[in-house]
Amino acid sequence: MSTRRLPVYILADTSGSMQGTPIESVKAGIGQLHRDLMSDPQAIESAYLSIITFSDTAQQLVPLTEVSAFSPPDLYARGQTNFGDALRLLIDCFDTEIVRTTPEQKGDWRPLVFILSDGAPTDATWQQYAQTLAERRPANIIAVACGDQADVGVLKNVTEIVIQMRDMSPDAFRAFFKFVSASVKQTSAKVGSVPDGGSITLPPPPPGITIVP
Amino acid sequence: MLRRFLSPHDPGTTSVPAPGADVDPSSPPASTPPPVAAGWTEKEPEQPWLPEALREVMPSLATHAYAHADAVRATGAAWEATGATRRGRVHAHAGDFREDAMAVHVADDLVVAVVSDGAGSARWSRVGAEATCRAVVDAAVAAWPALAAAPGDALDAGLGAALGDGVVRAATTLREAATAAGGQSRDFRCTVVALAWGRAQGREAMVLVQVGDGIAAVRRTDGAVERPAAGDSGDFSGEVTCFVPDDGCEGFARRVVALDAATVDAVLVATDGIEDPFYPIARRGADVFRQLAEGNDATLDGFVRQPAHGPVVGHADGAAHLATWLGFEKRGENDDRTIVVLARRAGSAGS
C-alpha cells in the first residue's frame, strides 16, 4: 500500500426499533456523508469508509473502501440489538483491515468510528468487547445515542466521547452526518497520541446534539 | 483569492474513456482507471501570520516575513546548506498558513540546521515552530565561542547541550507567551529536529536532538544511508507522544545523539511532510540523496510525479532546485514540506 488511509467505520443499529424514518434517515445520511467527502480533496485521497450494521447479528455490509469507490448500501431494520457482535466484528476489522506503522511501512491514520444506537443491547457479550476496545484504544470512537431510549451508560463503556441526539427526525440525522463529515475532514491534522483529551479534535456538534459529560 | 489547479488525474488530462463511451474492440483492454481527481484549490489566509493576541507578548516575531514557500542556500568552508519549505495542499486548500518552519546557520566552524512542524490541531503552532527554530539556532550560536575554546573531548556533549538548551528555552518562552496571551501552551505545539556540526581545535562534532516526528538522515562516505534517531511516532500516522512545549519535552531535548562526523558527507533534516512520503528513509534515502546531488528527471515508484530539476548540491541555483523537488506529488501526501540538506564540501572531511 502506498497511500496512507484514514479509515472510517460507521456502526449502525439496524434493530427493529429503527424501522421507518430512523433507518431511512441513516441511509440518507450515509449517502450525504459520501457526497460531502467526495467534495474534499484530502478525503478523496485518504478516506476509506466501511459500514457495519447490527441487529440479531453484525454484518460488515461494506468493507473498508476508498471514498471514490464507495457505494452507500441499502439498510433494513429488524430484529434485536446484538451490540456485542458489532463490537466483536469491529475489533476483527481492526485486526484484518488496518495497517499500523512498522519500520517498513507508514501506517494508516488512527481509525474513526461512529456508533449509532437507539436502544440498549439485548446480548450478554457486549461488555467484554467494550472492555477490549477501552483497553486497546485502537480507534477514535464517537458514540451517538439516538433518541430517548438509547442507553448512554452502555455507550460510555465503549468510549468517553458520547453525544446525544434526542430528536430522530431526518433533519437531525442530516445535521449529525454533516458533523461526521466535518470530523473526518479535520482528523488528518497532527494530533497527540496521549489520552489527554487532545487525541482527536472534533468540530462543535450541531444544534440538537449534545456531548454527554 | 481562490485559484484552482488540476491534478494530473483530472479528466481533461487523461485518455480514459468516459463511462458509456464507445470503445474500439481492437484496442487493448483498459488498464485500471486513474484515481478520481481531488480538486485542490489555493486560498489566501484571512488573518495575519502573527495573531493579534501574540503581538505584544512575542514582539520579535512581529517583523517575521512569512511566505508560503521559501528557499535558502549558504556555504561555509566545510559545509554547504540548502533548505526549502513549502505550504502543503491541505493548508492551501483551507486558506491556512504553512505551519512548518526552518532555520539554518552556516559558518566555517559551526553549522546548525533546524526544522519544526506545527501541530495542525494547535491554533498558534506556526508561531511555535518559527520561535523554536530561532531559539535553537540562537542557543547554539551563543554557546559556540565557549565550546570552541574548550577541550576537544567536550565538544560533542557541549554542542548537544546547546541544542537542548535551545529547545528548553523555546519551551519556556512559548509557555510564558501562552499565559500572557490568555492561551494554553498546547496552542503552540510543534515538533523539532535540530542538527549541529562544529569543528574546533582539530576536533569535529555532529549532534542531533529531536522532539516529536520528522527525520534526520545521514549519508556516510561509503554511500550508506542511516537514520541515527528513531523519532517519535505511534502505531498510526500523525501521532506524536510529546511536542514542544509539552511537559516532558525537556527530557527529549536532552537525549542527544552524537554522530561520527568524519564519516558523514551529507545530512538531511526534514519534517514529516518529507519523512512520510519517503518512508522508510533507510530504503528510500539513497534515492533522495542521489536526486538532490545529481538533479532528477524521473519519478520514484509510488509517486504520481516528481518534477524535473537540476542538482541541489554544489549548484548556484540549488535552492531553487530544492524548492522544485518539494513539488513532488504522491497521493494522500499533502502536508507542509520542509527540508534542509547539508553537503560536505570537497577537501573538508575530517579534522
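The following paragraphs describe a sheet in chain B and the interface between chain A and chain B, as they appear in a predicted model.

In chain B, 6 strands are arranged as an open sheet in the order β3-β4-β14-β13-β9-β10, and the pairing within this sheet is antiparallel. The edges are occupied by β3 and by β10 (225–226) of chain B, each of which has a single partner strand, so one side of each is left without a neighbour in the sheet. The edge strand β3 of chain B, which covers residues 69–75, pairs with β4 of chain B, residues 79–86, in the antiparallel sense over 7 bridges. These two strands, β3(B) and β4(B), form a hairpin in which 3 residues lie between them. Within this pairing, Ala71(B) has Ala84(B) of β4(B) as its bridge partner. Elsewhere in the sheet, strand β9 of chain B (residues 215–220) is joined by 6 bridges to strand β13 of chain B (residues 264–270), and the two run antiparallel. In this second pairing, Arg219(B) is placed opposite Ala266(B) of β13(B).

The interface between the two chains brings 33 residues of chain A into contact with 38 residues of chain B. The area buried between chain A and chain B amounts to about 3,100 Å², and carbon and sulfur atoms give 47% of this area. Across the interface of chain A and chain B there are 15 residue pairs in polar contact, counted where both residues have pLDDT 80 or more. On the side of chain A that touches chain B, at least two residues each are supplied by α2 (41–46) and by β7 (191–192) of chain A. The largest share of that side, 5 residues, comes from α2(A). When the residues of the side of chain A that touches chain B are grouped by class, 11 are nonpolar, 13 are polar and 9 are charged.

Charged side chains also meet across the interface of chain A and chain B, where 6 salt bridges are found. In a salt bridge with an N to O distance of 3.3 Å, the side chain of Asp276(B) meets that of Arg4(A). A further link between the chains involves Glu239(B), which belongs to strand β11 of chain B, residues 239–240. The side chain of Glu239(B) is joined to that of Arg110(A) by a polar contact of 2.6 Å. Glu239(B) has a relative accessible area of 3%, and because this value is under 20% the residue is classed as buried. Within chain B, the C-alpha atoms of Glu239(B) and Gly88(B) are separated by 18 Å, the two residues being 151 residues apart along the chain.

Conventions. Residues numbered from 1 in each chain as written. Chains lettered and ligands numbered in written order. Predicted model: local features only at pLDDT ≥ 70, side-chain atom pairs only at ≥ 80, totals over all residues. Heavy atoms only, no water. Pairing = 2+ DSSP bridges. Helix = DSSP H or I, 4+ residues; strand = E, 2+ residues; numbered from the N terminus. Buried < 20%, exposed > 50% of the residue type's maximum accessible area, 1.4 Å probe, protein only. Polar contact = N/O pair within 3.5 Å; in protein donor to acceptor, adjacent residues only side chain to side chain. Contact = heavy atoms within 4.5 Å. Buried area = accessible area lost by both parts, 1.4 Å probe. Salt bridge = Lys/Arg side-chain N within 4 Å of Asp/Glu carboxyl O. Nonpolar A, V, L, I, M, F, W, Y, C, P; charged D, E, K, R; others polar.
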